[in-house]
Amino acid sequence: MESFNQLLLSLDGFLGSAPWFPWVLLGVGFFFTIYLGFPQIRYFGHAIKVVQGKYDKPGDPGDASHFQALATALSGTVGTGNIGGVGLAIFLGGPAALFWMWMTAFLGMTTKFVEVTLSHKYRIKAADGYFAGGPMFYMERRLNMKWLAVLFAIATVICSFGTGSLPQVNNIAQAMHDSFGISKGLTGGVLAILLGMVIIGGIKRIAKVTSTIVPTMAFIYVVGALGVILYNYENIIPSFGAVFRDAFSGSAAVGGFLGASFAYAFNRGVNRGLFSNEAGQGSAPIAHAAARADEPVSEGMVSLLEPFIDTIIICTLTGLVILSSGVWTEKHENLFEGADTYVVEGRFDENNAEDVKQLFNYLSGQPSTVKTYNGSVVVDDGLVQNARDFTLIHARSIAEDLDFRVGDDSFTGVLTVVDGKFANEDVDIWGKSLVHSVALTNKAFQRGFFGEYGGLIVTIGILLFAFSTAIAWSYYGDRSMIYLFGPKAVMPYRIVYVVAFFWAAIEDTTIIWNLSAVAIVIMTLPNLFGITVLAKEMKDTVKEYWKDPSHKKLADPEVLARK
């Protein structure tokens, strides 16, 4: 299993984490932005009117309203990426990472407009009586590439577990345990039952639930975020200044010895942006295929609002909370994760520029004088006795105030370190270090008007965001199962989805996450290829849409007569 996990990491290194992938993703968005004449700006106001139902006509085919389709798609994108993903991006890439998340969202608004329009155009009414759509349908029906469509559908099913379900409930269970002491099994059991009750009801129940959850969770999160940002109002302008300064200077000063380069900020920002808003991935078109509309472009208009809401609004609020609070450069007491922990030979000082440079190179896989530690760590009553022999690095920072424990008791004994990793997995290591992901956002939310209660807002946000993401991705998965195997495969898929949801609450989902990291690229690249091939058709479809005068003027007598 470990070798398979390493294989997945290697594949991801050639795919999603490779330097070329962000350029391809942004390149397609940039091409369509120019080719279609900045639709994310020109059509923004019109898109809002479409969502409000001002252009609806009685008898439009579909299973959900424009708003419900938007809410379902947003529930799939607004998730832990908006909370922990931003924290991870800033941790890895500094303030500049937020700038590249904005760029991904701005260009992604056009990409999503295109992918949803083309997918909606080639949707079908499935054998179960509901509409089904997505990139796999235009790949087969328009491009005549059945094999590509099958590959995309399989990758979507994998991602439904890997990004949509398993890590989501794992994060929820961990947050509920940390905040309220609720056992992970209880959290997983209750949520699995609720999930089953929602998704077994199909798209109409899913749309009804998500259209309620999304506005609720957005309101709670925005209020909590503003409570921090306004409390630290004097840091708002400097925070924006750091974002733009670091983005254009090509460097960033981050706590510890991260010293993020342009490549770090760019790569992490773009990848986190994709993970957050999914523009180009091809997932949102599956939700929008259910919308009641006789014009594919109208649903494309609705979808361009998603990256704006998801990334430019919600992710920006999270980023400002983290930057304005200042917690991202501070060390906090926390339980060290094995994957984030490294032990190196000798003593290093973060105030020494050469030490910082060598440690950064070591963690970045570049030539470095730093050597991995192999040897013993002598501990007495939780405290290290041979501290001069090594330096413990956690979360890309030199750890301080180390405390070794077994449960609630201090540990005494000798620990073995092999290739920089502790061999004694039953001993917990506590100490002060930088934190990232959800933990960083949680700390930041406690630096506002709500004090320590701000952390509860993050917990509630994770609960609602992650649960709604699991709901939306179950729909993406079951539409893909219909494409692959027909309606008979939907119910078995839903049952497995719910069971796996419970399992993931109490088990490590790292291998599933890594598998999904590869599957995301297998979804994204064929979709980007397909919509690029159909660029002229997209442009012609948009021109045809605007030939209808009712789309240009809401007060048109013909429109009013239909109301």
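So, histidine 394: its bridge partner in strand S8 is serine 397. That contact belongs to a pair of strands, S7, covering residues 390–394, and S8, which run antiparallel and are joined by two bridges. When I say two strands pair, I mean DSSP finds at least two bridges between them. Strands here are DSSP runs of type E with at least two residues, helices are H or I runs with at least four, and both are numbered from the N terminus.

A quick word on what you're looking at: this is a predicted model, where local features need pLDDT of at least 70, side-chain atom pairs count only at pLDDT 80 or more, and totals for chains, interfaces and linings use all residues. Residues are numbered from 1 along each chain as its sequence is written, and side-chain values use heavy atoms, with hydrogens and water left out.

Okay, back to the strands. S7 and S8 are part of an open, antiparallel sheet of three strands, in the order S4-S7-S8. S4 (341–345) and S8 (397–398) are at the edges with a single partner strand each, so one side of each has no neighbour in the sheet. Lying across S4, S7 and S8 is helix H18, residues 353–363, which runs at about 125 degrees to S4. That angle is taken between N-to-C directions, on a scale from 0 to 180 degrees, using lines fitted to C-alpha atoms, for helices over the stretch in contact, where contact means heavy atoms within 4.5 Å.

There's another open sheet, this one with four strands in the order S3-S13-S9-S10, again with antiparallel pairing. Its edge strands are S3 (332–335) and S10, each pairing on one side only. Let's walk along S9, residues 400–406. With S13 (residues 428–433), S9 pairs over four bridges, and glutamate 400 stands opposite lysine 432 there. With S10 (residues 409–410), S9 shares two bridges, and arginine 405 faces serine 410. S9 and S10 make a hairpin with two residues between them, and glycine 407 in that turn has a positive phi of about 70 degrees.

Hang on to lysine 432, since it also forms a salt bridge with aspartate 401, with the closest N and O atoms 3.9 Å apart. A salt bridge here is a side-chain nitrogen of Lys or Arg within 4 Å of a carboxyl oxygen of Asp or Glu. Lysine 432 is in S13 and aspartate 401 in S9, so the pair links parts 31 residues apart in sequence. Aspartate 401 counts as exposed at 55% relative accessibility, while lysine 432, at 35%, is partly exposed. For those words, buried is under 20% relative accessible area, exposed is over 50%, and partly exposed is in between, with a 1.4 Å probe and protein chains only.

How many salt bridges does a search of the whole structure find? It finds 14. One of them joins lysine 121 to glutamate 537, at 3.0 Å between the closest N and O atoms. Lysine 121 lies in helix H7 (residues 96–121) and glutamate 537 in helix H23 (residues 535–547), so this pair ties together parts 416 residues apart in sequence.

And is glutamate 537 buried or exposed? Buried, at 13%. Glutamate 537 also meets arginine 142 in a salt bridge, 2.6 Å from N to O. Arginine 142 is in the loop between helices H8 (135–141) and H9 (146–162), so here the tied parts are 395 residues apart.
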